[in-house]
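Got your viewer open? Here's a short tour, with what to pick at each stop.

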Number of protein chains: 2
Amino acid sequence: MSVLIVGSTALDSIKTPKAENPRLLGGSASHAAVAASFFSPVKLVGVVGKDFPKRYIDLYRRHKIDIEGLQILEGNTFHWSGEYEVNMNNRRTLLTELGVFETFTPTLPKSYQKSEFVLLANIAPALQSHVLTQMEKPRFVAADTMDLWLNIAMPDLLKLLKKVDGFVLNDSEAHQLTKEDNVFGAIRKIHKLGPKYVIIKKGSHGSVLSSPRGFFICPAYPLQKVVDPTGAGDSFVGGMMGYLATAKGSIDDNIRRGMVFGSVTASFCCEGFGLTKTTHVTRAQINQRVKELEKLVKF
Amino acid sequence: MSVLIVGSTALDSIKTPKAENPRLLGGSASHAAVAASFFSPVKLVGVVGKDFPKRYIDLYRRHKIDIEGLQILEGNTFHWSGEYEVNMNNRRTLLTELGVFETFTPTLPKSYQKSEFVLLANIAPALQSHVLTQMEKPRFVAADTMDLWLNIAMPDLLKLLKKVDGFVLNDSEAHQLTKEDNVFGAIRKIHKLGPKYVIIKKGSHGSVLSSPRGFFICPAYPLQKVVDPTGAGDSFVGGMMGYLATAKGSIDDNIRRGMVFGSVTASFCCEGFGLTKTTHVTRAQINQRVKELEKLVKF
C-alpha cells in the first residue's frame, strides 16, 4: 500500500553555531516522503519553482517517490532560512520567501485519489482539507501542523480535525491549542475536537500516543549529538505512516511500532543537515536502532 | 536488607494556585524513607527540633522506619516554604528557616553502620560524605543533590562523587554541572567524575539511566493532574533504593526495575500535598501501576 503525502517542498538555509548550509532540500513533505519511502511507496503532492535543482528531483526518484503530483510552476521555490542556538532547541526564522507556494492549490492526479493512507504534513489547514476532498475513501488520514496555523488559521484547523483519524503535534502546540500544561490533560481535550488517535511529540523526550486502546509512551533514540533537528518531526510522522501502510492488521495493532520506526528515522534526520543523513540510511540501520530501543525500554 | 537514608527532615509549607498547606511533613529523607518503606526496612538519619509534631513521628513508625538515627534537638525543625505556578513546573522558595539543621552533624547509631544500601538523599555534600565515613562496607551507595550545592559547595560535591556508586540528579542540574545541553553528552561527563551509575531525572518525561550495561529509558506514569510535585524526585530514588535492597541478583540486573518502582511511587507522591497521598498507598497499588507501565511502553 502506498502513502499519499502532501505538505511543503522547500529549500532550507540552515544556520547553526557550527555551520551554515544554504538551499538544502527541505519542507515537511520532503522530510516525510523520504522517511516513509523506507517502508512503502510514496505519492508526493507539492509545488516547486523553476529554480528547484534537478538533483533534488533525482533524490525523490532515487527514493522511488512518485512525483506526478509535484507541480513545477513559474517562479521561485518556497525558501525558508533559520538559525539554531547552541542548545539546538531554540530556533529563529531569519527569512520566509513563499514563492510559488503563495498560490499553491494541491490538485491530485487521478492515480493518487484511491490512496488508502494519507499524511497531511504541515501546510495550511485549508490546503490539507482541500486534498482530503479529492480522496475517494482513505483508510487512515493523519495530519500534522505548526504553531503558525494555530495563530492565523484556527477555524480552518478545527474544521480539519473533525475529518482526520490521527493528529500529530508537539507539546508546545498542544498547550497552545488546549491551554493545558499537562500533556495527558491536553490529549483528552484534543480527542474532543475529532481525532481518535492523538500523538504529542516531545523532541528528545520522545512522544506519547493516545488511541482507542490507550496510551503509549514512545522513546526517542538516544543521541549524544544533534547536528540539525529540522524536519525531525516530519520524518517521525512520515516513517510512522510508511510503516502503517505496509503492516498487516489494524491501525491500533500497528501504530505503536510505527511510531518507534518513525522515531528512529527521525533520529537519523537529526544527525545531518537537512536530509543529508537520512538519504544515506538503509532499512537495515533503521531496524538495528529499533532493536536497540526495544532493549533500552525493557525492565 | 535495609536501606540507610540520610537527608533533610523538614516541615514544608506549600502553596499552589489552588491551595495552601502549612507545615506538612517534608524533606528529602522523609519522602525517600516513606517511598523506600514499601519495599524494605528503612533506617533514617536526620534532625528535627522540639517543635516536630508527634504525629509525624507516628507516621515514620507506621511505615516501620527505624528512627534511632533521628536526632531531636532544642530549637525549631527546618522549615521550607514554597509556591508553585499554575503549570506546576516552576516553583519559588518563599522562606527557608534552617533551625536545628544549621548545626546538624549526622552521627550513625552502631546498628546503622553495617547497612549495605545507603541513600544519601539531598543534603549538603559534606554531610553526605560524613555519613559515608561512618559506614563499614556498603554494597551500593547512591547520592542525590540539588542546584544549591552546585552553586555553593561544588568542591565538596566533586569529592563525594568519587566515593559513590550511583548519582541521581535532574536534567537542569546535569546541565549546570557539565555545561552539556544534551542529556547523553552530560551523562558521559558525569561518569568521568566517578559514579558508575548515573540517573538523570526529567520530571514528567521520566528518567534515563546509564550503567555498565548501557542506557535505560524509564517512563513516568501518565498523570492527568499533578497536585504537588514536592518530593517526587526523593520518592523516586527512595523507592528505587528500597526495591534494590530486597531484589536478588546484581545491581545492574535490578536497577531498571527499581527505577520503574521508584517512578510509580513518585507518581503517587505528585497526587497529594506533601506525603498525604504516598502514606495512604498500598504495595498492591504500586504493583498495579508498574504493570500498567509495562503495557504503556510495549511495542
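Select chain A and turn on contacts (heavy atoms within 4.5 Å): of those between residues at least 6 apart in sequence, 65% join residues at least 24 apart. Before clicking on, note that this is a predicted model, where local features need pLDDT of at least 70, side-chain atom pairs count only at pLDDT 80 or more, and totals for chains, interfaces and linings use all residues. Residues are numbered from 1 along each chain as its sequence is written, chains are lettered from A and ligands numbered from 1 in the order written, and side-chain values use heavy atoms, leaving out hydrogens and water.

Now switch to cartoon. Chain A shows ten helices and 13 strands, taken as DSSP runs numbered from the N terminus (helices H or I, at least four residues; strands E, at least two). Its C-alpha trace spans about 55 × 45 × 40 Å along the principal axes.

Next, colour chain A by burial: 62% of its 299 residues are buried, meaning under 20% relative accessible area (1.4 Å probe, protein chains only).

For charges, pick Lys and Arg as positive and Asp and Glu as negative, skipping His and the chain ends. Place each charge at NZ of Lys, CZ of Arg, CG of Asp or CD of Glu. Chain A has 37 positive and 28 negative side chains, with the centres of the two sets 6 Å apart.

Last stop: bring in chain B. Superposed by least squares on C-alpha atoms of residues with pLDDT of at least 70 in both copies, chain B lands on chain A with an RMSD of 0.0 Å after a turn of 180 degrees and a shift of 0.0 Å along the axis. That's the relation of a two-fold axis. Zoom to B:His205, whose C-alpha is the nearest to the axis in chain B, 3.1 Å from it.

Notes. Buried < 20%, exposed > 50% of the residue type's maximum accessible area, 1.4 Å probe, protein only.
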